[in-house]
Amino acid sequence: METPHVLVAADKFKGSLTAVEVAERVTAGLRRAVPGVRVETLPVADGGDGTVAAAVAAGFERREARVTGPLGDRVTGAYAVRGTTAVVEMAEASGLQHLPAGEFAPLTATTYGSGELLAAALDAGARTIVFGVGGSATTDGGAGMLAALGARFLDGDGKPVGPGGGALAELAEADLSGLDPRLADIDLILASDVDNPLTGPKGAPEVYGRQKGATEDDIAVLDAALVHYASVLGPETAELPGAGAAGGIGYGALVALGARFRPGIEVMLDVLGFAPALDRATLVVTGEGSLDEQTLHGKAPAGVAAAARAAGVEVVAVCGRLALPPEALGKAGIRRAYALTELEPDPAVCMAQAGPLLERAAEAIGRDFLS
């Protein structure tokens, strides 16, 4: 019998384990059950937070830059480079992780640092930039990002408007002539797991504003400001899939930087070299912290499962909690899911003991599928 070759291609368990740690724990559990099993790990991400870490785990070089955080202070942001390809994660500069606990700035948080990270990637010689967007603290339509790259946003008095989405209500003129000329010669790929438009009932402020601390009044202010912003830059682009990603930074990238939108997990599987790894696999283990309805809409496990099913390779999943019935898993191409809550029903204990519990779940996979 052929020695099984397992490919572990899972995302992070948010709040408890990174994607790299998930891969390590699953590997340990599988080998406990089947000592001779061959295991290959390829931590994955869907464009949101953890995307740079996944690229580094796949062989990219980690680089760091001091950039402007969402509140205007200086933060350290990482990006990844291999050859002339760079992976830039907007959350590294403008993400919620850069906000002090309990402090939000929905009207004034800026994506300026994301533009500085893109400039750092250009300085590093990147000709292709995968721009992963998600986990943002911002709702400024990418105006801050564009300003960092040379654009000017002026009010009626010819003065620069303030930072954040709220100030865009005062926008009178957008001058894009000073944008970094190197941007015209690169392939900029907007990698996101959301396809929302910029504004309206499915737009960035309404759907994602509350998790960034926005009140109902703030959401109304931001939506109106972004409608006005788009009327100055190009309203037709505001309806494109991905325009509403990461507080509208997708719109800024699409309308002004010539970016092209692709589902984040598809891009990352290409960049990480998933196809050749899949060719070697007899079983794929994927997963993330919560397998739920959102998983089915562009999240990493769904993308991994779809690619594996197309190649005829069986897929099982690990997760912290499972909120999908077996038929939904089956439609997604996942044979079975192993949830940590089946081993430890207390969610707090489950989060705290995620590593050892995941090893136990992987041991069960080894017994069920490899023995």
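With a disulfide defined as a pair of cysteine sulfur atoms within 2.5 Å, the count in this predicted model comes to zero disulfides. Cys319 takes part in no disulfide, its nearest cysteine sulfur being that of Cys350 at 9.2 Å, and Cys350 is likewise in no disulfide. Cys319 counts as buried (under 20% relative accessible area, with exposed being over 50% and partly exposed in between, for a 1.4 Å probe and protein chains only) because its relative accessibility is 0%, and Cys350, at 7%, counts as buried as well.

Residues are numbered from 1 along each chain as its sequence is written. In this predicted model local features need pLDDT of at least 70 and side-chain atom pairs count only at pLDDT 80 or more, whereas totals for chains, interfaces and linings use all residues, and side-chain values use heavy atoms, with hydrogens and water left out.

The largest nonpolar core (a set of buried Ala, Val, Leu, Ile, Met, Phe, Trp, Tyr and Cys residues joined through side-chain atoms within 4.5 Å) has 53 residues, of which Ile129, Phe131, Tyr229 and Leu257 have the most contacts inside it. Helix H8 (residues 245-256) supplies the largest share of this core, seven residues, where helices (H or I, at least four residues) and strands (E, at least two) are DSSP runs numbered from the N terminus. A second, separate core of 41 residues includes Leu7, Ala55, Ala78 and Val284.

In helix H11 (residues 300-310), the buried residues include Val304 and Ala308. The buried residues of H11 pack, through contacts (heavy atoms within 4.5 Å), against helices H9, H10 and H12 and strands E11 and E12, and just after H11, Gly312 takes a positive phi of about 75°.
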